[in-house]
Amino acid sequence: MGIRLSATSILCAAAVSLGAAISSAQVTYQVGTIHRISQGCHAGAEVEQAVDAVGNYVYEEWMGCGGIGFARSTDGGVTFSAPVHLLNSSGAWDPSVVVAPDGTVYVAFMSGTSTQSFPIVEASFDHGVTFPQTTMLTPPDNNNWGDRVFLAVGPDGAVYATWDYGPSASLVKLLCSPSGSCSFTYGDLNAVVQKSTDRGKTFGPMVHVSPNYPGGGAMSAPMVIEPNGQIDLYYQADRTLNQTDFKLAPGYGHFTSSLDDAASWSAPLNVTRLGGTQALAEWWIDGAIAMDAGGNLYATWDSQGKNSDGTANDIGWISYSMDHGHHWTKPVQAVPDVLNVPHIIEVAGGPNGIAYVAWLSNSDPRGYALYLRTFSIKSGWMSAPVRISTQFGNRTVWPGDTFGISALGPDTLMLSWGSAAPVQSALSSIFAVPVSVTGASF
């Protein structure tokens, strides 16, 4: 996905700016040096991020550099390499990146021809210096629709790619924001998965994750994989009103899992039903899933609805599961403001019982900014939101539908985001920073 959003007059979000004291906080943050990692590349938006098991290598992939840009850090985000253009990525969109247990780096993005759309997966065997292996996940149908690829790697090294798939692109109708991205009002939208057992050299056939193919209404399916190999997946599903023209209505976020290497999937659970619906006009890639060191699962999303006075709102939520996704808690509001603006919200697992929640939003009249806070299963929110970005980004320039958040260790995070900062900028750039966290414990 990708385009842009118009400015509106709104109130300032309740957040503590960088470096300010939080008197009631149980957790404090030390923000490192912010790097503009897309420097020298033409524009940059919609960044995705991965870190290795030790926390030394950080990999960033985004839309930019004439296609898809990539940069890496070998010192935990203290410094970064110059950005490069990934081969075969001209005209590509929707990046994804993951690191295997053996250190292999896999990057993916959506691409296509005049008759097909599909993911391309590239592999690096030298920590992101080169990507000599390229694999196209060519679909079975011509004139298909495809979007938003996500990658994950199992403990056995198997590589999984989920993506949004429809057998007929002609059935898909877009709803695009002037300075945001695009969503859908009609379409044969489905979440599918493909698996590789040879380090990404080849991928097996599509398996349908979402039910009711080809009218599943499903899109955007990020995953985490547990140590026992269980694949946990969250996807957004707009309601398909009929199977003739595939008209869509506002929907919900669902959880499903697989215990047989993605061959079959459990009946989906509606995680977000108590936290409202996702409107069709929501243009960002909504919904994230993470797992902490104790195996607890977390899902974040935002919903759109009406306040008691009839005005529109947008609310960011978190829910968690302590039993491998069989049951999920009632949603907890994550973002203090409920303004009718984007709250692009993501989550990363920390120590046992701890999740780090961040969001990119233009809820402040000064423009887009990235905010962070810590959640504890035992005690709830452990800090007020802290603004991580020191500059605000131009609210009329698209920052991307996603941003990066990863745990480098039990007390260190890595964050990356797109923003047209300073606010007079006409193009978005990619920024990245490590953040040390003190006091986050179950």
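Two strands count as paired if DSSP finds at least two bridges between them. With that in mind, let us walk through this predicted model, starting with a hairpin and moving on to the cores and some backbone details.

**A hairpin of strands**

Strand 31 (residues 404–409) and strand 32 are joined by 5 bridges and run antiparallel. Together, strand 31 and strand 32 make a hairpin, with 2 residues between them. If you would like a pair to look for on screen, try serine 406, whose bridge partner in strand 32 is methionine 414.

**Into the nonpolar cores**

Strand 32 spans 412–419, and the largest nonpolar core is a good place to go next. This core has 76 residues, and those touching the most other members are Tyr106, Leu372, Ile388, Phe403, Leu415, Trp417 and Val435. Which residues does leucine 415 touch, leaving aside those up to four places away in sequence? The contacts of leucine 415 include Gln49, Ala358, Leu370, Leu372 and Ile388. Gly404, Ile405, Phe431, Ala432, Val433 and Val435 are also touched by leucine 415. There is a second, separate core too, with 18 residues, among them Ala288, Tyr298, Ile345 and Val357.

**Cis peptide bonds**

Two cis bonds to proline deserve a look, and here they are side by side.

| Cis peptide bond | Omega | Loop that holds the proline |
|---|---|---|
| Tyrosine 213 to proline 214 | near 5 degrees | between strand 16 (207–208) and strand 17 (218–219) |
| Alanine 421 to proline 422 | about 0 degrees | between strand 32 (412–419) and strand 33 (429–438) |

The second entry brings us back to the hairpin region, since the loop with proline 422 lies between strand 32 and strand 33.

**Positive phi outside glycine**

Serine 220 is not a glycine, yet its phi is positive, near 60 degrees. Serine 220 sits in the loop between strand 17 and strand 18 (223–225). Strand 17 (218–219) thus has two neighbours of interest, as the loop with proline 214 runs between strand 16 and strand 17. Is serine 220 buried or exposed? Serine 220 has 3% relative accessibility, so it counts as buried, because the cut-off for buried is under 20%.

Histidine 324 is another residue other than glycine with a positive phi, in this case about 65 degrees. Its place is the loop between strand 24 (312–321) and strand 25 (332–333). Why does histidine 324 count as partly exposed? The relative accessibility of histidine 324 is 36%, and partly exposed covers values between the 20% and 50% limits.

Technical notes. Residues are numbered from 1 along each chain as its sequence is written. This is a predicted model: local features need pLDDT of at least 70, side-chain atom pairs count only at pLDDT 80 or more; totals for chains, interfaces and linings use all residues. Side-chain values use heavy atoms; hydrogens and water are left out. Helices (H or I, at least four residues) and strands (E, at least two) are DSSP runs, numbered from the N terminus. Buried means under 20% relative accessible area, exposed over 50%, partly exposed in between (1.4 Å probe, protein chains only). A nonpolar core is a set of buried Ala, Val, Leu, Ile, Met, Phe, Trp, Tyr and Cys residues joined through side-chain atoms within 4.5 Å. Contact means heavy atoms within 4.5 Å.
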